[in-house]
Amino acid sequence: MFHKRKYKPLYPEKYTGDPTNIIMRSSWETQFASWCDKNPNVVKWNSEETVVPYRCPTDNRIHRYFIDFKIQVKGKNGLQTYLVEVKPYKQTQMPEYPGRKTKRFLTESALYLKNQAKWKAATEWAKDRGYVFKIITEYDLGIAAKKPK
């Protein structure tokens with residue numbers, strides 16, 4: 001199990017928050033942060049500093065969603081801002097019903113519903129500001145070879 005740790009950027013001037021207090025919650029987030037830090041097309045980036053309100057379907061209450069990354073990328077058509085969530089591919093898919101309502105199935109289903117609500121709110125929030133919301137998985141990071149069908 002990966003424990004949270006601090007990330008020290010090579011180019012702290014690119015980080016738009018406090019570069020001495022960047023917390024990574026997984027090795028995948030650390031890998032993505034390193035990519036942001038080293039990529040010359042990433043002009044600015046930050047981690048867990050963008051907050052989007054969302055209504056969670058499991059308790060019908062408003063919560064705050066701290067998006068993993070906000071990056072500003074230099075492209076052919078100018079600057080584009082992305083909100084990026086780093087998640088295991090499995091958590092982006094509806095859990096497969098095992099034939100009975102096991103505790104694991106119920107937990108995974110609740111997490112899936114919660115994530116869907118977060119991502120819908122983040123997509124709309126980003127669109128309203130001219131940003132793009134993206135979910136990055138192990139396949140996008142090159143950690144796993146091929147997406148299951």
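These legends go with close-up views of a predicted model of a protein chain.

**Figure 1. The whole chain, with its three helices and six strands.** Let us start with the full picture before zooming in. If you walk along the sequence, you meet the elements in the pattern β-β-α-β-β-β-α-β-α. The C-alpha trace spans about 50 × 35 × 30 Å along its principal axes. Of the 149 residues in the chain, 37% are buried. Contacts across the sequence are also worth a look: among those between residues at least 6 apart, 55% join residues at least 24 apart.

**Figure 2. The surface of the chain and its charges.** The protein chain exposes about 9800 Å², and carbon and sulfur atoms supply 51% of that area. How many positive and negative side chains does the chain have? There are 29 positive and 15 negative ones, and the centres of the two sets lie 2 Å apart.

**Figure 3. Strand 5 and its pairing with strand 4 and strand 6.** Begin with strand 4 (residues 61-75), which pairs with strand 5 (residues 78-86) in the antiparallel sense over seven bridges. A hairpin of two residues joins strand 4 to strand 5. To find your place in this pairing, look for Ile71, which stands opposite Tyr82 in strand 5. Strand 5 also pairs with strand 6 (residues 132-136), this time in the parallel sense and over five bridges. Here the pair to look for is Leu83 and, opposite it in strand 6, Phe133. As you trace the side chains, keep a general rule in mind: in a regular strand they alternate between the two faces of the sheet.

**Figure 4. Trp125 and the residues around it.** Trp125 is part of helix 2, which covers residues 103-128. Which residues does Trp125 contact, leaving aside its neighbours within four places in sequence? They are Thr50, Val51, Val52, Leu83 and Tyr131. You have already met Leu83, the residue that stands opposite Phe133 in strand 6. For a sense of scale, find His63: it is 62 residues from Trp125 along the chain, and their C-alpha atoms are separated by 14 Å.

**Figure 5. Glu138, a buried residue in helix 3.** Helix 3 covers residues 138-141, and Glu138 is found in it. Is Glu138 buried or exposed? Glu138 has a relative accessible area of 11%, so it counts as buried, the cut-off being under 20%. Not counting residues up to four places away in sequence, Glu138 touches Trp28, Lys87, Pro88, Tyr89, Ile143 and Ala144. With Tyr89 there is a detail to look for: the side chain of Glu138 reaches the backbone nitrogen of Tyr89 at 2.8 Å.

**Figure 6. Two residues with a positive phi, Glu48 and Asn60.** Neither residue in this view is a glycine. Glu48 has a positive phi of about 55 degrees, and you will find Glu48 in strand 3, residues 42-56. Asn60 has a positive phi of about 60 degrees. Where does Asn60 lie? Asn60 sits in the loop between strand 3 and strand 4. Asn60 counts as exposed because its relative accessibility is 52% and the cut-off is over 50%.

Terms used
Residues are numbered from 1 along each chain as its sequence is written. This is a predicted model: local features need pLDDT of at least 70, side-chain atom pairs count only at pLDDT 80 or more; totals for chains, interfaces and linings use all residues. Side-chain values use heavy atoms; hydrogens and water are left out. Helices (H or I, at least four residues) and strands (E, at least two) are DSSP runs, numbered from the N terminus. Contact means heavy atoms within 4.5 Å. Two strands pair if DSSP finds at least two bridges between them. Buried means under 20% relative accessible area, exposed over 50%, partly exposed in between (1.4 Å probe, protein chains only). A polar contact is a pair of N or O atoms within 3.5 Å; within protein, one must be able to donate a hydrogen and the other to accept it, and residues adjacent in sequence count only if both atoms are side-chain atoms. Accessible areas come from the Shrake-Rupley method with a 1.4 Å probe; for residues, only the protein chains shown count as cover. Lys and Arg count as positive and Asp and Glu as negative; His and the chain ends are not counted. The place of a charge is taken as NZ of Lys, CZ of Arg, CG of Asp or CD of Glu.
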